[in-house]
Amino acid sequence: MYAAELMLGIDVGTTAVKVAAFSLDGQPVAAHTTGYPIARPRPGWAEQDPLDWWRGCEAGIRAVLAGLPANAVRSVGVVSQVNTHVFVDERLEPLAPAIIWQDQRCAEVARELDARFTPAEKTRIWGGPIVLDASFAGARAEWFARTEPAQWARTRWVLSPKDFVVARLTGRLATDQLSGVRVAGSAGYLPEAVGLVDGLAGKLPEILEPEAPVERAKDAALGSAEVSVGTMDAFGAVFGTRTTEAGRGMVSCGTSLVVAGASRTSAPVGEVVTFPPRNGLFVHAGPTQAAGDALRWWCGVAGLSIEEVLASAATGAPGVVFTPHLMGERAPLWDSGVRGSFFGLSSATSTADMSLAVLQGVAMSGRHVLEPVERACGTPLPSLTFSGGGARSDLWTQIHADVLQRPIERLRVHDSAVLGAAMLGAVAAGAYPDVETAAAATVAVSRVFTPSPGAERLTPLYEAYRSSHDALRGLHDHLAQWRSENTPPPA
């Protein structure tokens with residue numbers, strides 16, 4: 001039944017590696033998840049051991065293949081967390097912990113680099129008035145070169161997690177232009193971007209299309225499975241939600257929230273990223289800093305499990321506003337100094353009310369990103385697909401429908417990024433002619449959530465959320481300055 005007809009997807013996420021096998025029509029066959037920690041050795045820092053990613057991939061591949069006949073897997077695709085960087089030597093050995101996307105240590109360096117460009121220059125180079133923030137690869141490389149000059153001299157490659165994994169799977173180094181959107185364009189690396197850091201250009205792998213075949217896997221257990229270049233998890237979710245057609249939009253609720261929309265026209269705005277067009281289609285997307293991570297944080301503070309928080313939130317009353325900017329915010333604010341807040345607390349506020357506010361606050365961050373996404377698309381998105389770990393909760397899915405004020409289509413495969421990864425591998429192996437055809441054949445909706453009657457009463461709460469950043473900008477700047485002056489140096 002499975003004779004070389006399964007596609008394997010790997011998603012190297014922020015908290016876990018997910019490995020899953022699918023039939024060519026998108027039906028899940030087997031899956032495995034291996035978790036790993038995030039180290040936070042200093043305020044604002046967030047890093048991981050890159051070997052945890054590799055060990056998770058090995059464990060997941062073994063577990064998924066254990067229940068399948070030999071040579072059942074035809075292809076392998078890999079996606080991973082974006083704006084996470086690992087510095088490795090010529091043997092692919094990490095020289096330091098990977099700096100993950102949440103990390104803010106490079107914020108000051110990023111501001112220096114960002115200030116070198118005028119808005120007109122940014123538009124010429126990147127297509128719009130983007131912000132080079134603390135997650136920018138150039139800022140990470142410059143920081144590493146300044147603080148660890150000996151290790152920078154030993155660095156042979158600066159890689160994303162999926163590039164690191166694909167290189168270990170196949171022995172070949174390659175990346176894709178989508179994962180390096182601020183250093184790469186449709187014609188290759190942007191000289192103005194890589195030229196910001198002395199020596200960076202020679203430490204970046206060749207650029208191929210995400211669905212291009214790299215090599216066959218070296219692992220004998222995978223047989224002759226073809227491995228694709230892969231891409232970032234957010235764009236894996238674009239493929240895995242079928243946001244490959246104009247007018248379609250998506251919300252992916254994982255560790256962070258990603259909102260994206262597709263259009264045939266492009267009006268780039270600074271708040272979100274517009275990717276280079278693929279077959280005449282533009283994808284506009286914005287990642288936030290904390291979605292599931294905000295829920296994880298609140299679980300720890302409240303001393304409750306995820307299930308207990310969700311049950312608590314179901315009994316809460318709206319009225320408290322939460323801003324999930326626990327480690328700064330990416331889209332649409334691009335502000336590394338802002339921090340999270342609860343507004344509207346009173347002596348009557350309960351844990352249930354605050355649990356509900358956390359879930360609603362994440363959805364409000366999604367609405368905040370959706371506004372510039374739709375401006376970039378030039379048209380409203382009538383409905384949105386919903387996937388990621390948050391889609392496992394009926395309550396959180398309904399909250400997104402209520403806050404975003406439009407139908408939410410929950411997908412059959414919640415882990416849309418790993419399905420998108422599998423699609424890329426299947427195209428590389430020739431099972432599909434292109435990703436668009438693969439998406440049409442594999443993505444299915446399991447349930448549609450429509451806004452609840454009276455959901456418009458949440459709009460004033462969203463307006464409070466929306467205005468809080470401008471209202472408290474000076475306070476956040478003041479506290480950021482205090483943190484910088486009162487953070488002890490590393491041991």
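How are H10 and H11 oriented to each other? They are roughly perpendicular. This is a predicted model. The briefing covers an open sheet of 7 strands, two helix contacts made by H11, two hairpins that share strand E2, and a few backbone details.

**Helix H10 against helix H11**

- Helix H10 spans residues 306–313, and helix H11 spans residues 351–377.
- Their axes come within 7 Å and cross at roughly 100°.
- An angle from 65 to 115 degrees counts as roughly perpendicular, so H10 and H11 fall in that class.
- H10 brings Val 309, Leu 310, Ser 312 and Ala 313 to the contact.
- H11 answers with Thr 351, Ala 352, Ser 355, Leu 356 and Leu 359.
- Of the residues in this contact, 6 are nonpolar, 3 are polar and none is charged.

**Helix H9 against helix H11**

- Helix H9 covers residues 292–302.
- The axes of H9 and H11 come within 9 Å and cross at roughly 165°.
- Angles over 145 degrees count as roughly antiparallel, so H9 is roughly antiparallel to H11.
- The crossing of H9 past H11 is right-handed.
- On the H9 side, the contact is made by Ala 294, Leu 295 and Trp 298.
- On the H11 side, it is made by Thr 351, Met 354, Ser 355, Val 358, Leu 359 and Val 362.
- This contact holds 7 nonpolar residues, 2 polar ones and no charged ones.
- Thr 351, Ser 355 and Leu 359 of H11 take part in the contact with H10 and also in the contact with H9.

**The open sheet of 7 strands**

- The strand order is E16-E17-E15-E14-E20-E21-E22, and the pairing is mixed.
- Strand E16 (273–274) and strand E22 (445–449) stand at the edges.
- Each edge strand has a single partner strand, so one side of each lacks a neighbour in the sheet.
- E22 pairs with strand E21 (residues 408–411) in the antiparallel sense, over 4 bridges.
- Within this pair, Ile 408 has Phe 449 of E22 as its bridge partner.

**Strands E1, E2 and E3**

- Strand E1 (residues 6–12) pairs with E2 in the antiparallel sense over 7 bridges.
- Leu 6 stands opposite Ser 23 of E2.
- The hairpin from E1 to E2 runs through 3 residues.
- E2 also pairs with strand E3 (residues 28–35), again antiparallel and over 7 bridges.
- Val 19 has His 32 of E3 as its bridge partner.
- A hairpin with 4 residues between the strands links E2 and E3.
- Gly 26, in the turn of that hairpin, has a positive phi of about 90°.
- Strand E2 (residues 16–23) has 7 of its 8 residues buried, so the rest of the structure largely encloses it.

**Backbone details in loops**

- Ala 331 and Pro 332 are joined by a cis peptide bond, with omega about -5°.
- Pro 332 lies in the loop between strand E18 (321–323) and strand E19 (341–343).
- Asn 83 is not a glycine, yet its phi is positive, near 60°.
- Asn 83 sits in the loop between strand E5 (73–80) and strand E6 (86–88).
- Asn 279 is not a glycine either, and its phi is positive at about 55°.
- The loop that holds Asn 279 runs between E16 and strand E17 (282–287).
- Asn 279 has a relative accessibility of 63%, so it counts as exposed.

How values were computed: Residues are numbered from 1 along each chain as its sequence is written. This is a predicted model: local features need pLDDT of at least 70, side-chain atom pairs count only at pLDDT 80 or more; totals for chains, interfaces and linings use all residues. Side-chain values use heavy atoms; hydrogens and water are left out. Two strands pair if DSSP finds at least two bridges between them. Axes are lines fitted to C-alpha atoms, for helices over the stretch in contact, and angles run from 0 to 180 degrees between N-to-C directions. Angles under 35 degrees count as roughly parallel, over 145 as roughly antiparallel, 65 to 115 as roughly perpendicular and the rest as oblique. Contact means heavy atoms within 4.5 Å. Ala, Val, Leu, Ile, Met, Phe, Trp, Tyr, Cys and Pro count as nonpolar, Asp, Glu, Lys and Arg as charged, and the others, Gly among them, as polar. Buried means under 20% relative accessible area, exposed over 50%, partly exposed in between (1.4 Å probe, protein chains only). A crossing is left-handed if the near helix is turned anticlockwise from the far one by less than a right angle, and right-handed if clockwise.
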